[in-house]
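Reader: Hi! Could you walk me through this structure while I have it open?

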Amino acid sequence: MAPTQPPLSLSLIDLASAITLPEIGRDIVIAVSDACLDRERFGHAGAEGLAIQRLITLAHAAASLRFIWASAVANQVIATPSVHPLAAVVLCLTNATHVFEGMDEAATSENLTSTRNKILSYRLVTDLFTDCQALVCVDAPRPSLPHDLYDAPTRRLRPEADFESLVDDLVLAQQSAGFSAQRLSKLRMALSVILRELLENTDDHAKTDAEGKALSPNSLRGLLVKRIFETRRHPEHGAGSSAPIPCLEFTIFDSGIGYYDSYRRQLLRGQARGAPVEVGDRQVDTIRAHALGPAVSPDVEYAIVLKCMGRHSDKAIPDPRPGHRGMGLYEVLRALKEMRGLLEVRTGRVHGFRSFLEGELRAQLEPQDSPTRPGMPRATLLDVDHRLSTRPAPRDMVRGTVVRVVVPLA
Ligand SMILES: Nc1ncnc2c1ncn2[C@@H]1O[C@H](COP(=O)(O)OP(=O)(O)O)[C@@H](O)[C@H]1O
Ligand SMILES: [Mg+2]
């Protein structure tokens, strides 16, 4: 018999940087230190969503997971868990154990139950003091869905009108912070479409495995809402100041099988909503034969992710009428262009972004004389580090998908 390996130790805040995750099947002990309360330690904007994705990846791969909480951080998270998204997701994992330093077993168990209840029943706050909050959905074994996003009796995603009211509340709170009413009213429709499409995608594509069976353990999804300042990634030449812009940031995460495998599932099983999914000749043999892994080249994976982005592009309407609702990820791109926002996607080995922030390079649009979609976004992504490369460099493999949307308020 192989000797048993000692547990591997990590610190939770390590997940906020691009560490290489330990190999599958290890026992892992994670220290939760006071550093996790320090927003600065998360570094760049978007780091917390990526940390949640690494956490979920780890939780799916580890033999066991044990969290050791320092007492100060435990007390703060127990008091207000939803304003600490990474810690909140830690507490919602369904295959982990927890030790709160200085607390006996009975108190630990009681606090775990009450804190989880707080997280799962949290309602978004629209005051000016809360600049970071999270909603978490647990899908299995016992579903628990946030009231702000789901209708409790039917367990269905709320209708568009409810998303509009939710966005209204969030956006109105910003108005009192001095942002222009005109800009904000323009944002609300587009933003509610974006949020609903992205959440619907987690609901449609990320709750089941490649065979369509419910994912378990750790079938988690969620939404992070933050107020941030974003710096332009690639200012246009001579575009003036590159001072950070006040923005609302939304991060939608899930623990599903990712874009490539969900697209493959639809291809093999014919589950697509609407028109069936399609692939090009260059990818078809690979995608039919292989789930995402070493046998799938990064080029083929990336081509499939772009297929996902552009799935509904042909049906997109270039000049939206009031009340018009588009469909899917392409509609998200279109709405972001209209709002001059930014989108970042991390799934499988792909990490790419698209920015329509004012003053950024206007590349990646269909030409104005395009017969079908003049001036509309092309379904492409740029590399997050090499910002002009339309072929994002392959990254470590992660579980699920994180989509981050940034909308400037100024
Ligand atoms: N959260 C997700 N997890 C896995 N796959 C996803 C996710 N979101 C989108 N996809 C993939 O991207 C494709 C395109 O998404 P979308 O444009 O919303 O169209 P639709 O949901 O109607 O298929 C989906 O069919 C699916 O394969
Ligand atoms: Mg969809």
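Author: Happy to. This is a predicted model, and a good place to begin is where its two domains meet: seven residues of domain 1 are in contact with four residues of domain 2.

Reader: Nice. What classes of residue are on the side of domain 1 that touches domain 2?

Author: On that side, domain 1 has two nonpolar, four polar and one charged residues.

Reader: And where are domain 1 and domain 2 in the chain?

Author: Domain 1 covers 1-120, and domain 2 covers 282-398. Taken over C-alpha atoms, the centres of the two domains are separated by 32 Å.

Reader: Great, let's move to the ligand. Which residues come nearest to ligand 1?

Author: There are 23 residues around ligand 1, and the nearest of them are N201, H205, S262, C308 and G328.

Reader: Which helices each supply at least two residues of that shell?

Author: Those would be α6, α7 and α10, the last one spanning 328-339.

Reader: How does the shell around ligand 1 split by class?

Author: It has seven nonpolar, 11 polar and five charged residues.

Reader: You mentioned α7. At what angle do α7 and α9 pack?

Author: Helix α7 (residues 258-269) packs against helix α9 (residues 298-309) at about 75°, and their axes are 9 Å apart. Because of that angle, α7 counts as roughly perpendicular to α9.

Reader: Which residues of α7 and α9 meet there?

Author: From α7 you have Y259, Y260 and Y263, and they meet E301, I304, V305, K307 and C308 of α9. By class, that contact has six nonpolar, no polar and two charged residues. You'll recognise C308, since it is also one of the residues that come nearest to ligand 1.

Reader: Good catch! And α6, how does it pack with α5?

Author: Helix α5 (residues 160-175) and helix α6 (residues 181-205) pack at about 140°, with 8 Å between their axes. That angle is why α5 is described as oblique to α6. The crossing of these two helices is right-handed.

Reader: Which residues make that contact between α5 and α6?

Author: On the α5 side they are E160, F163, E164, V167, D168, V171, Q174 and Q175. On the α6 side they are A181, L184, L187, R188, L191, S192, L195 and R196. Sorted by class, the contact has eight nonpolar, three polar and five charged residues.

Reader: Now back towards the start of the chain. How are α3 and α4 arranged?

Author: Helix α3 (residues 85-92) packs with helix α4 (residues 105-120) at an angle of about 120°, and the axes are 10 Å apart. The two are therefore oblique to each other.

Reader: Is the crossing of α3 and α4 left-handed or right-handed?

Author: Left-handed. In the contact, A88, L91 and C92 of α3 meet L112, T115, R116 and I119 of α4. By class, that makes five nonpolar, one polar and one charged residues.

Reader: Switching to the backbone: where is there a cis peptide bond?

Author: One joins A140 and P141, with omega of about -5°. P141 is in the loop between β5 (132-140) and β6 (150-151). The peptide bond from S216 to P217 is cis too, with omega near -5°. P217 is in the loop between α6 and β8 (219-230).

Reader: Last one: which residue other than glycine has a positive phi?

Author: R155 is one to look at, with phi near 55°. You'll find R155 in the loop between β6 and β7 (156-157).

Reader: Lovely, thanks for the tour!

Definitions and conventions
Residues are numbered from 1 along each chain as its sequence is written. Chains are lettered from A and ligands numbered from 1 in the order in which they are written. This is a predicted model: local features need pLDDT of at least 70, side-chain atom pairs count only at pLDDT 80 or more; totals for chains, interfaces and linings use all residues. Axes are lines fitted to C-alpha atoms, for helices over the stretch in contact, and angles run from 0 to 180 degrees between N-to-C directions. Helices (H or I, at least four residues) and strands (E, at least two) are DSSP runs, numbered from the N terminus. Angles under 35 degrees count as roughly parallel, over 145 as roughly antiparallel, 65 to 115 as roughly perpendicular and the rest as oblique. A crossing is left-handed if the near helix is turned anticlockwise from the far one by less than a right angle, and right-handed if clockwise. Ala, Val, Leu, Ile, Met, Phe, Trp, Tyr, Cys and Pro count as nonpolar, Asp, Glu, Lys and Arg as charged, and the others, Gly among them, as polar. Domain bounds come from an automatic or database domain assignment. A residue is near a molecule or strand if its C-beta atom, placed from the backbone, lies within 6 Å of it.
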